[in-house]
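Today I'm opening a new model and jotting down what I look up as I go. Nothing fancy, just one lookup after another.

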Amino acid sequence: MAATSSWNLVFTSNQPSPSSLSWKLSFPSPFTSVQFQRRQTTTAQRFLVFATMMGAKPTILVSEKLGDAGLELLKTFANVDCSYNLSLEELCTKISLCDALIVRSGTKVTREVFESSSGRLKVVGRAGVGIDNVDLSAATEHGCLVVNAPTANTIAAAEHGIALLTAMARNIAQADASIKSGKWERSKYIGVSLVGKILAVIGFGKVGSEVARRAKGLGMNVIAHDPYAPADRAHAIGVELVRFEEAISSADFISLHMPLTPATSKMFNDETFSKMKKGVRIVNVARGGVIDEDALVRALDSGIVAQAALDVFTEEPPPRDSKLVQHESVIATPHLGASTTEAQEGVAIEVAEAVLGALKGELAATAVNAPMVPAEVLSELAPFVVLAEKLGRLAVQLVAGGSGVQSVKVTYASARGPDDLDTRLLRAMITKGIIEPTSNVFVNLVNADFTAKQRGIRITEERIVLDGSPEKPLEFIQVQIANVESKFASAISESGDIKVEGRVKDRKPHLTMIGSFGVDVSLEGSLILCRQVDQPGMIGKVGTILGEENVNVSFMTVGRIAPRKQAVMTIGVDEEPSKEALKRIGEITAIEEFVFLKL
Ligand SMILES: NC(=O)C1=CN([C@@H]2O[C@H](COP(=O)(O)OP(=O)(O)OC[C@H]3O[C@@H](n4cnc5c(N)ncnc54)[C@H](O)[C@@H]3O)[C@@H](O)[C@H]2O)C=CC1
Ligand SMILES: O=C(O)C(=O)COP(=O)(O)O
């Protein structure tokens, strides 16, 4: 069964629920609860509930310039207060009178803002992609839904990337400033050609792939690095997906299009610059934080990087005396990637529809957070929810870089009939585990299926109906990822898929199978998996190395096919072992392969 069920997010008042409650989520006054229900209510009914609850039009604060079509749409259903350039204090004062807030990247929606709203703020709409200016945890804690507009500015951002690429290569900005100051410097501004040059696109998502398509039209040879992008999508537009080192060491031009996440923060630093071809040119229309800006200044000064074209900065606006912005080999724009008339109209409509939809009780397909689920609803499923997310995280970390995840099969083994076990939350948590380590998207019950679909990940679910007591909701969950290579060959099952299986024991998640190896480890902290020839002394050898490296081992177990044949040793560690410690483990003769996994 494909993950195609559709759900409504319904805001209700103190009235009895009109239809069956599936997930009841806490929500502040005047909405007393939020429920996820099958699509049983009509739009008219939802409007009725909405109108009854509100009594009056909701108030929406728009704190940054928004396209007219979006504003008009908002005004049809709400009182709209457009107040720009508010200080934090002013925003906090106004917010207690607003049901929704619409922002771009310039408004910091901090915890203070949610606290000041005293529960009235129900939706924050981000008219764009990046939500790094909204405190998502605070929003969720305050029961406030956050929605964005993820598709309408893709082309604008890609076009801006190409504009910066060509302007940089031909010194357009510098030459323009020169001629305007009365000079005529033809030999000073000799540029470089793009045709035949290698462009490495880092982050082959919506914007990255559009940049690649356009660069190919300019005659460039385009390669891309994105550990999670499907290779066939790249092949379809004639782009080869390569490893990160290969991308940065062979490129003449590098264009950045990955999100800012803990994994991509300062991904471009002294070490990565030192591996680049001398004279490389870099474009950044993603987020300033993916580059260590001091390291970029050093790389520009030493000539490793010949030029950089930057639209985004760690601090925006950057300090007036920023060495980077002032550098003669840098051209810069003030975060203009999404600033075209067309994109701003597009994001305005996209965000207005999402905000109004959420206020009317419809489920926003572009929701990036969700209100919290009360403990009583979760109590039975809670340990399985934790297990589901951890299995997703484990499975995706076993995928070798370059082989994108497209097909995930989840198997639930249970003695309960299909109608007595709702797997939506489990599926959402597996999806969260698979997607979150590779993106800045916040995956939850609201947006899990949408996010998986958008990323081309097909999640199918299967039931194994067991005999026995249906008291326990589930016996085990298996997660299988098909058509990928694994960093740890032993994780591949007989069917050729990466396979992990887990159970709940004493309300704690346990990994009970990896590939064809039966194991039994509590899923806490992080894990080292080693495949080895089964022989005495292995636990001692690995334990000694970890002890010497001051890494605390929480448990060790061995699962084997038969005595003295192959075994998989699972080691739980409290701290992340150093590269040196992992190298020493890999050098133990009997160890055939190993992998370190963060849970
Ligand atoms: N300058 C501007 O005005 C604009 C900036 N942006 C920025 O561009 C970024 C990309 O936007 P979209 O393409 O719409 O997002 P997207 O989510 O479609 O694409 C991001 C891609 O980065 C990949 N990725 C994740 N971790 C990676 C890693 N470690 N190395 C390489 N690739 C990695 C993901 O797999 C995904 O394919 C956004 O995060 C946003 O911050 C977007 C629009 C306008
Ligand atoms: O959509 C994004 O991520 C952007 O960076 C665009 O930001 P903006 O809405 O122009 O402030």
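**Entry 1: a word to pin down.** Before I look at any residue, I need my terms: buried means under 20% relative accessible area, exposed means over 50%, and partly exposed is what falls in between. I also note that this is a predicted model.

Is I172 buried, exposed or partly exposed? I looked up its relative accessible area and got 48%. That is not under 20% and not over 50%, so I172 goes down as partly exposed. I172 belongs to helix α7, which covers residues 172-180. I also checked I172 against Y189: they sit 17 residues apart along the chain, and their C-alpha atoms are separated by 8.4 Å.

**Entry 2: the whole chain.** I stepped back for the overview. The protein chain has 599 residues, and 53% of them count as buried. I found 20 helices and 25 strands listed for it. Of the contacts with a separation of 6 or more, 66% are between residues 24 or more positions apart.

**Entry 3: helix α6.** How far apart should the ends of helix α6 be? It runs over residues 154-169, which makes 16 residues, and at 1.5 Å a residue the span should be 22 Å. I got 23 Å between the end C-alpha atoms, so the two agree.

Next I checked how hidden α6 is. Of its 16 residues, 12 are buried, so the rest of the structure largely encloses this helix. Among the buried ones I wrote down H160, I162, L164, L165 and M168. Just after α6 I spotted N171, which has a positive phi of about 55°.

**Entry 4: strands β7 and β8.** Strand β8 (residues 145-148) is covered on both faces. L145 and V147 are on one side, V146 and N148 are on the other, and all four are buried. Strand β7 (residues 123-126) pairs with β8 in the parallel sense, over four bridges. In that pairing, G125 stands opposite V147.

**Entry 5: the nonpolar cores.** Which residues have the most contacts inside the largest nonpolar core? I noted L398, V408, I477, L511 and I514, in a core of 51 residues. Helix α16 (residues 382-397) gives the largest share of this core, with eight residues. Domain 3 (374-517) and domain 4 (524-598) each supply at least three residues to this core.

Another core lies apart from that one. It has 31 residues, including V242, L296, V305 and A308.

I went back to I477 to see what it touches. Leaving out neighbours within four places in sequence, its contacts include F384, L387, A388, L391, V410 and Y412. I430, V500 and G502 are also among the contacts of I477.

**Entry 6: a four-stranded sheet.** In what order do the strands of the open sheet run? I read off β23-β24-β22-β25, with antiparallel pairing. The edge strands are β23 (553-560) and β25 (591-598), each pairing on one side only. From one strand to the next, the twist averages 15°.

Inside the sheet I followed one pair. Strand β22 (residues 526-533) and strand β24 (residues 566-573) are antiparallel and share eight bridges. L527 stands opposite G572, which is in β24. Last lookup of the day: helix α20 (residues 579-586) packs on the sheet and touches β22 and β25. The direction of α20 makes about 150° with that of β25.

Conventions: Residues are numbered from 1 along each chain as its sequence is written. Chains are lettered from A and ligands numbered from 1 in the order in which they are written. This is a predicted model: local features need pLDDT of at least 70, side-chain atom pairs count only at pLDDT 80 or more; totals for chains, interfaces and linings use all residues. Side-chain values use heavy atoms; hydrogens and water are left out. Helices (H or I, at least four residues) and strands (E, at least two) are DSSP runs, numbered from the N terminus. Buried means under 20% relative accessible area, exposed over 50%, partly exposed in between (1.4 Å probe, protein chains only). A nonpolar core is a set of buried Ala, Val, Leu, Ile, Met, Phe, Trp, Tyr and Cys residues joined through side-chain atoms within 4.5 Å. Domain bounds come from an automatic or database domain assignment. Contact means heavy atoms within 4.5 Å. Two strands pair if DSSP finds at least two bridges between them. Axes are lines fitted to C-alpha atoms, for helices over the stretch in contact, and angles run from 0 to 180 degrees between N-to-C directions. The expected span of a helix is 1.5 Å times one less than its number of residues.
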